[in-house]
Amino acid sequence: MKADIDLTVTYPHPIGRVWAALTSSEALAAWLMPNDFQPVVGHRFTFRTKPAPGFDGIVRCQVLELEPPRRIVWSWAATKIDTTVTFTLEPAGEQLTRLRMHQVGFAGLGAQITRRILASGWPGILRERLAARLDSAAGLGTGPAPDQGGGGWRACLTVFRGWRQTPSK
């Protein structure tokens, strides 16, 4: 079983705009979850969203590495997991940026269930919500606007809710 989440997305935006979306508390709140993030190595911060069965709604993080505008690494600890998330950016052509999100450290059965939930949610968060935030920052206004309050994160939890509500045979 694959023990990590590895996703790459290319955006039609310059690297500075994508970096800003990863390192601004306001931007992170728009496409991921409300938070008290600061782009400072060692800074401890939390993401907060609505609790769900098996999840208290709080993700405790710390900035572990920061290499503007190419790489940022966070610890990511929540109910049943203690992982690391790395975002790596690289130019992918004129005004294009390739973003790789790699989350590792899922140990134990409970963590593997959580990994499965997150693996189904991260693609929509990065491909839709972050993309919409980037478009909005560029004044393009294409696609659905991200809602405030971490709705994208709650989308991950719908997988869990559906799994828990599926009757056993």
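Guide: A residue is called buried when its relative accessible area is under 20%, exposed when that area is over 50%, and partly exposed in between. The model discussed here is predicted.

Visitor: Why is Arg98 called partly exposed?

Guide: The relative accessibility of Arg98 is 31%, and partly exposed is the class between under 20% and over 50%, so Arg98 counts as partly exposed.

Visitor: How many of the residues of the protein, as a percentage, are buried?

Guide: Of the 169 residues in the protein, 46% are buried, and the protein exposes about 8400 Å², with carbon and sulfur atoms supplying 54% of that area.

Visitor: Where does Arg98 lie among the strands?

Guide: Arg98 belongs to strand E6, which spans residues 97-104, in a protein with 4 helices and 6 strands that follow one another in the pattern β-α-α-β-β-β-β-β-α-α.

Visitor: What makes the pair of Arg98 and Glu90 a polar contact?

Guide: The cut-off for such a pair of N or O atoms is within 3.5 Å, and the side chains of Arg98 and Glu90 are joined at 2.6 Å, a value that meets this cut-off.

Visitor: Which residues is Arg98 in contact with, leaving aside its neighbours within four places in sequence?

Guide: Arg98 is then in contact with Thr8, Val9 and Thr10, and also with Thr88, Leu89, Glu90, Pro91 and Ala92. For Thr10, the separation from Arg98 is 88 residues in sequence, while their C-alpha atoms are 4.2 Å apart in space. Across the protein, 54% of the contacts between residues at least 6 apart in sequence join residues at least 24 apart.

Technical notes. Residues numbered from 1 in each chain as written. Predicted model: local features only at pLDDT ≥ 70, side-chain atom pairs only at ≥ 80, totals over all residues. Heavy atoms only, no water. Helix = DSSP H or I, 4+ residues; strand = E, 2+ residues; numbered from the N terminus. Buried < 20%, exposed > 50% of the residue type's maximum accessible area, 1.4 Å probe, protein only. Contact = heavy atoms within 4.5 Å. Areas by Shrake-Rupley, 256 points an atom, 1.4 Å probe, with all protein chains shown as cover. Polar contact = N/O pair within 3.5 Å; in protein donor to acceptor, adjacent residues only side chain to side chain.
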